[in-house]
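Q: I have a model open and want to go through its interfaces. Can you take me through the computed values?

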Number of protein chains: 2
Amino acid sequence: MTYRFTSSLPYLLNRVGVRMGELFSQRLAEHDLTLPMYRVMAVLRQEGPQRLSDLSAMVTVEISTLSRLVTAMKRKGLVSRVRPEDNGRTVRIDLTKTGEKLVDNLMPVAAHFEEVGIRSFSEDEVARLKNALKQIHENLEEIGGSD
Amino acid sequence: MTYRFTSSLPYLLNRVGVRMGELFSQRLAEHDLTLPMYRVMAVLRQEGPQRLSDLSAMVTVEISTLSRLVTAMKRKGLVSRVRPEDNGRTVRIDLTKTGEKLVDNLMPVAAHFEEVGIRSFSEDEVARLKNALKQIHENLEEIGGSD
DNA sequence: TTACAATAATTGCATTTGCAAATGTTGTCT
DNA sequence: AGACAACATTTGCAAATGCAATTATTGTAA
């Protein structure tokens, strides 16, 4: 069985990922938002306030990039950035009311695009797909970049 | 049933996609290559010479970005860029012998990482997963960015 | 308590990216 | 043939990204 690049997992993943991102980004642009900004807000909405490094792991974005992104979001009034008095080297990022309202409006839009993508699938198939993606991620976590 | 961002398809897709990319990129760096460069080479290897715009669609990379990327790859001797005499507004990108050998060495490495990711799956499950990803892409293609 | 390692976040700088505008080429309509 | 639209690629420029170095704080061991 020969290896076909266009049937490889990274290729297929990247392709749908980029496509979904493009579609949603067009909507986000109407609110002067970028996809990474939305992701940050969505994580904060779901998980509550986070340290920068934890946020970085959750949204899969380089920490230095994220630091600057948070600065921009703070300027827009979407998040707050506080240094807790009990640990002055960390920073606590939280959603503002504005950010909260915004992300609450946007999540249904994201849900819609997802709906379009999986339109032709049964609930069971969707569940299997998502579990597979989680499992793959776990399998990949096991190798630290050495193997 | 409430919407969970971290269970959403875009999130899960992005997460594994980025992770796989990071792992493979480390290997590519040893050859002074980037992930987009590898993708270009892999597509050319599989599909043969391509016009820039076709290549752009295949690798899901902005055409202007790709134009510059091809320039860099040409400088490295990985690809050639020829303007066909029968159509002077297109450009024909092709792998050089060097590029061909390189990508032939790298594809097994890519296959290995894929293997690690799907280690715990049956062949049948993998096939279903890949079909699902193709199907989702098709479903998303149907909306041109308006809906 | 002082010195030093470890952790967390930010910043400098070079590279990459993406949009829009520009360039060059082919097709079409009169 | 001439004018103009459509297509394919490239380039200008501003914004985003990633790595390495820097700054600041906390933990630890003598």
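Q: How many residues of chain B are in contact with chain A?
A: On chain B, 59 residues are in contact with 59 residues of chain A, where contact means heavy atoms within 4.5 Å. This is a predicted model, in which local features need pLDDT of at least 70, side-chain atom pairs count only at pLDDT 80 or more, and totals for chains, interfaces and linings use all residues. Residues are numbered from 1 along each chain as its sequence is written, chains are lettered from A and ligands numbered from 1 in the order in which they are written, and side-chain values use heavy atoms, with hydrogens and water left out.

Q: What area do chain B and chain A bury between them?
A: About 5,800 Å², with 66% of it on carbon and sulfur atoms. Buried area is the accessible area (1.4 Å probe) that two parts lose on being put together, summed over both.

Q: How many salt bridges between chain B and chain A?
A: Four, counting a side-chain nitrogen of Lys or Arg within 4 Å of a carboxyl oxygen of Asp or Glu. One pairs Arg19(A) with Glu141(B), with the closest N and O atoms 3.0 Å apart.

Q: And how many residue pairs in polar contact across that interface?
A: The rule finds 19 such pairs between chain B and chain A, both residues at pLDDT 80 or more. A polar contact is a pair of N or O atoms within 3.5 Å; within protein, one must be able to donate a hydrogen and the other to accept it, and residues adjacent in sequence count only if both atoms are side-chain atoms.

Q: Which elements give two or more residues to the chain B side?
A: On chain B they are α1 (9-29), α2 (35-47), α3 (52-59), α5 (97-117) and α6 (123-141). Helices here are DSSP runs (H or I, at least four residues), numbered from the N terminus. α1(B) gives the most, 15 residues. By class, the side of chain B that touches chain A has 29 nonpolar, 17 polar and 13 charged residues. Ala, Val, Leu, Ile, Met, Phe, Trp, Tyr, Cys and Pro count as nonpolar, Asp, Glu, Lys and Arg as charged, and the others, Gly among them, as polar.

Q: What turn lays chain B on chain A?
A: A turn of 180° with a shift of 0.0 Å along the axis, giving an RMSD of 0.0 Å. The two copies are therefore related as by a two-fold rotation axis. The fit is by least squares on the C-alpha atoms of residues with pLDDT of at least 70 in both. The same surface serves both copies, as 100% of the contact residues of chain B recur in chain A.

Q: On to the DNA. Which residues come nearest to strand D?
A: Arg68(A), Gly88(A), Ser53(B), Ser67(B) and Arg68(B), out of 18 around DNA strand D; near means a heavy atom within 4 Å.

Q: Which side chains have polar atoms by a base of strand D?
A: Ser64(A) is one of them, with a side-chain N or O atom 2.9 Å from a base nitrogen. Arg68(B) has a polar side-chain atom 2.7 Å from a base oxygen.

Q: What about strand C?
A: DNA strand C is surrounded by 18 residues. Arg51(A) has a side-chain N or O atom 2.9 Å from a phosphate oxygen of this strand, and for Arg81(A) the corresponding distance to a phosphate oxygen is 3.0 Å.
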